[in-house]
Amino acid sequence: MPISLHTPTTADLDDVVHALARWRRDDAPMQLHPGDVGYFWQFGPEKTAASLRTWVRDGEILAVGMLDGPDVLRLAVAPEAHWDDELAAQMADDMSRADGGIFLEDSANAEVLWGGRLTEVLRAAGWQPDEPWIPMVRNLSEPIPQIDLEVKVVGPNNLADRIGVHKAAFPGSKFSEERWQAMAEGTPYANARCLVAYNADGEAVAAATVWSAGQGKPGLLEPVGVHQAHQGKGHGKAIAIAGAHALREMGASAATVCAEGSNQAALATYKSAGYVPGPEVTDLSRP
């Protein structure tokens, strides 16, 4: 059967999220996670569906892409299809054609964290290594230390604290209570928690959202932020540890995060929280 490219409808979103969850496992490289789609859901189900692309053969989803902006495609492929020649060739063709229905800009960047045949085909077609990323994993079967901050799950009573920390951690962000509510209404958030950490004075100092892919599967921290007024005090380490605790309570096997290779402060923070860096991977950029 031929492989075809599709843009899902809102009615297809659950199928896409469930496929991404099925593909997550401890022995598979990091790639697009259901939580990545869940975080994008802040823009609503219609925009979320419009940002997604699926490659389908005989009714089965083999790969998923999510446009994170007009020129960045974040990808995941079913583990058994990582070295599927036909799939890699079709994906590379769709990603390279100007009329492929994927990229809206002349420039194009693909996040292919697992490597596999697609990376080989894109490199042969002239795509070049771009920004390096470091996948990091914390095994949740190992002891997790306690932290000295109070951590609360976000609800109506402290949603304003969650939004305040996010905006202070990421200046210019338009994250809002309305966007958080849209995110929380999405399918992936049924397996997620939003956390806010408070210091001894009761000030909200750090926040993270953790996403499970299901029992016994690796979870994801996305996003993680420390209030600008409270940085440099170990709160980033603390909220990363709190995220690990939450994911273990939710049945996850591991906590994962991916940091920019150039962000040495973030890498050091996650390492201090017990997250082990894997080999460097790079985005691929279309010339």
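The following exchange covers strand β5, the nonpolar cores and Ala78 in a predicted model.

Colleague: Which strand pairs with β5 in the antiparallel sense?
Modeller: Strand β5 covers residues 108–111. Strand β4 (residues 72–77) runs parallel to β5, joined by three bridges, with Leu73 opposite Ala110. Ala108 stands opposite Arg286. The antiparallel partner, also over three bridges, is β13 (residues 281–286).

Colleague: Which residues of β5 point the other way from Ala108 and Ala110, and are they buried or exposed?
Modeller: Ala108 and Ala110 share one direction from the strand. The residues pointing the other way are Asn109 and Glu111, and these too are buried.

Colleague: How many residues are in the largest nonpolar core, and how many in the second?
Modeller: In the largest core, Trp55, Leu75, Leu87, Met91, Met95 and Leu118 touch the most other members. Elements that each supply at least two residues of this core include β4, α4 (85–96), β5 and α5 (116–124). The second core is separate and includes Ile144, Val210, Ala240 and Ala273. The largest core has 42 residues, and the second has 32.

Colleague: Which residue of β13 does Met95 touch?
Modeller: Leaving out residues up to four places away in sequence, the contacts of Met95 include Leu73, Leu75, Ala110 and Trp127. Arg286 lies in β13. Met95 also touches that residue, Arg286.

Colleague: Why does Ala78 count as buried?
Modeller: Ala78 lies in the loop between β4 and α4. Beyond four places in sequence, Ala78 touches Trp23 and Leu62. The cut-off for buried is under 20% relative accessible area. Ala78 counts as buried because its relative accessibility is 0%.

Terms used
Residues are numbered from 1 along each chain as its sequence is written. This is a predicted model: local features need pLDDT of at least 70, side-chain atom pairs count only at pLDDT 80 or more; totals for chains, interfaces and linings use all residues. Side-chain values use heavy atoms; hydrogens and water are left out. Buried means under 20% relative accessible area, exposed over 50%, partly exposed in between (1.4 Å probe, protein chains only). Helices (H or I, at least four residues) and strands (E, at least two) are DSSP runs, numbered from the N terminus. Two strands pair if DSSP finds at least two bridges between them. A nonpolar core is a set of buried Ala, Val, Leu, Ile, Met, Phe, Trp, Tyr and Cys residues joined through side-chain atoms within 4.5 Å. Contact means heavy atoms within 4.5 Å.
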